[in-house]
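Work through the exercises below with the structure open. Each task is followed by its solution.

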Amino acid sequence: MPNLWGRQVSRAELMARVGDVSQVGGVRECRLDGGAGDGLSVVDVNTGSGLRFTVIPGRALDISGAWFNDIPLGFRSAAGEMHGAYYEPEGWGWVRSTVLGLLVTGGLDNVGDPAVDPDRMYTDMGLHGRLSNLAASNVHADGEWRGDEYEMWVQGRVRQAALFGENLELKRRISSSLGSTSIRIHDEITNLGSEPEPAMILFHFNPGYPLVDDGSKLHVRSRSRRPYDEHSASLEAGWDTYGPPTPGWQNTVWIHDVEPDDDGLVHAALVNRSFGDGIGLGFTYPKNQLPFLNQWKFLGVGNYVTGIEPANCTVLGRAVNRADGTLQILEPGETTEFDIELSVLAGADAIGAFLANIGE
């Protein structure tokens, strides 16, 4: 039953008072007009709770803009929404065509550092792979009543394939419900090829201001942390806290091995208690699906963002993951699944209830 404006409302009660669900929430499809994103199809989802977000079918069903009561949840780069046709695949060119937004997906051939893999014909793989620049097909965006719950979803399929190369398919479903303050993501990756194939995926969530601000903190129970480089190692003492925008800031990354709860679930939260009554984002997912949590801090001036990045690999690149034995291989016809719930934590009570899952 939807919780709208502080009260539970049944389907009958609500529909007796409105002409259509779109009066309070729902799903709307449209296209961008002008600029580098001209023609991109977008799907706007409004849960009616104050949570609204935009899914981009033309960019692997990533989530660009997201807001709660008009508070932005994700960082937006100066590149803005850009058509995948402008993708620069070599080296670090990925950064020229990504808005980041609330979620950008890394993979499927590479995650993290550009890599060279001699075991495949296309040896050069750029930063975070090419998935997020590929358009989805068979897209279905809709909502419907199921009893007293009004469910909303956007789903589709993204194929990453090449002649003499990989043939991988991502099937993605992003869903929520009327009155909800959470987003659910369910992904399935299938090897449609005839040979075993590496399949890497990174859920690159990108909270920005005001979730990220001086005094914000990442709450996660880590067994261990692996610094990305010597610079990251030098800042180990402050890995979980965030300061103000800092001129000359350098990339800082840690790779967490997180302790799951008794049900095998990982809980992590980024919280800013100084903003109003407190605001945060909570992340929940099965540890056995996504064994690594990559944390990126970039507190630069104008580029003020953090990455909370559950993954089935590390951000050290395909070659390093292969050498480390952390490169997931899918056999022909094999499917692997991933589930993540993203929760808006509005106010001290919601923050406290979520942090109890972490033992805080």
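**Exercise 1.** Which backbone nitrogen does the side chain of His128 reach? Place the residue in its surroundings as well.

*Solution.* The model is predicted. Start with the contact: the His128 side chain comes to 2.9 Å from the backbone nitrogen of Gly112. A polar contact needs N or O atoms within 3.5 Å. Next, the location: His128 sits in the loop between β12 (124-125) and β13 (137-146). Then the neighbours: leaving aside residues up to four places away in sequence, His128 touches Trp94, Gly106, Gly107, Asn110, Val111, Gly112, Leu202, His204 and Val315. Last, the exposure: His128 has a relative accessible area of 7%, so it is buried.

**Exercise 2.** Classify the ring pair Trp145 and Tyr150, then the pair Trp296 and Phe298.

*Solution.* The count of aromatic pairs is 4. Take Trp145 and Tyr150, one of them: the ring centres are 5.3 Å apart and the planes meet at 70°, so the pair is edge-to-face. The cut-off for that class is over 60 degrees. Check burial: Trp145 is buried at 15%, and Tyr150 is buried at 11%. Now Trp296 and Phe298: their centres lie 6.3 Å apart with planes at 45°, so this pair is tilted. Trp296 is buried, at 15% relative accessibility. Phe298 is buried too, at 18%.

**Exercise 3.** Over the face of which ring does Arg52 lie, and over which does Lys297 lie?

*Solution.* Arg52 lies over the face of Trp67, 4.6 Å from the ring centre. Lys297 lies over the face of Tyr242, at 4.9 Å from the ring centre.

Technical notes. Residues are numbered from 1 along each chain as its sequence is written. This is a predicted model: local features need pLDDT of at least 70, side-chain atom pairs count only at pLDDT 80 or more; totals for chains, interfaces and linings use all residues. Side-chain values use heavy atoms; hydrogens and water are left out. Helices (H or I, at least four residues) and strands (E, at least two) are DSSP runs, numbered from the N terminus. Buried means under 20% relative accessible area, exposed over 50%, partly exposed in between (1.4 Å probe, protein chains only). A polar contact is a pair of N or O atoms within 3.5 Å; within protein, one must be able to donate a hydrogen and the other to accept it, and residues adjacent in sequence count only if both atoms are side-chain atoms. Contact means heavy atoms within 4.5 Å. Rings of Phe, Tyr and Trp (its six-membered ring) pair if their centres lie within 6.5 Å; planes under 30 degrees apart count as stacked, over 60 as edge-to-face and the rest as tilted. A charge sits over a ring if NZ of Lys or CZ of Arg is within 6 Å of the ring centre and within 35 degrees of the ring normal.
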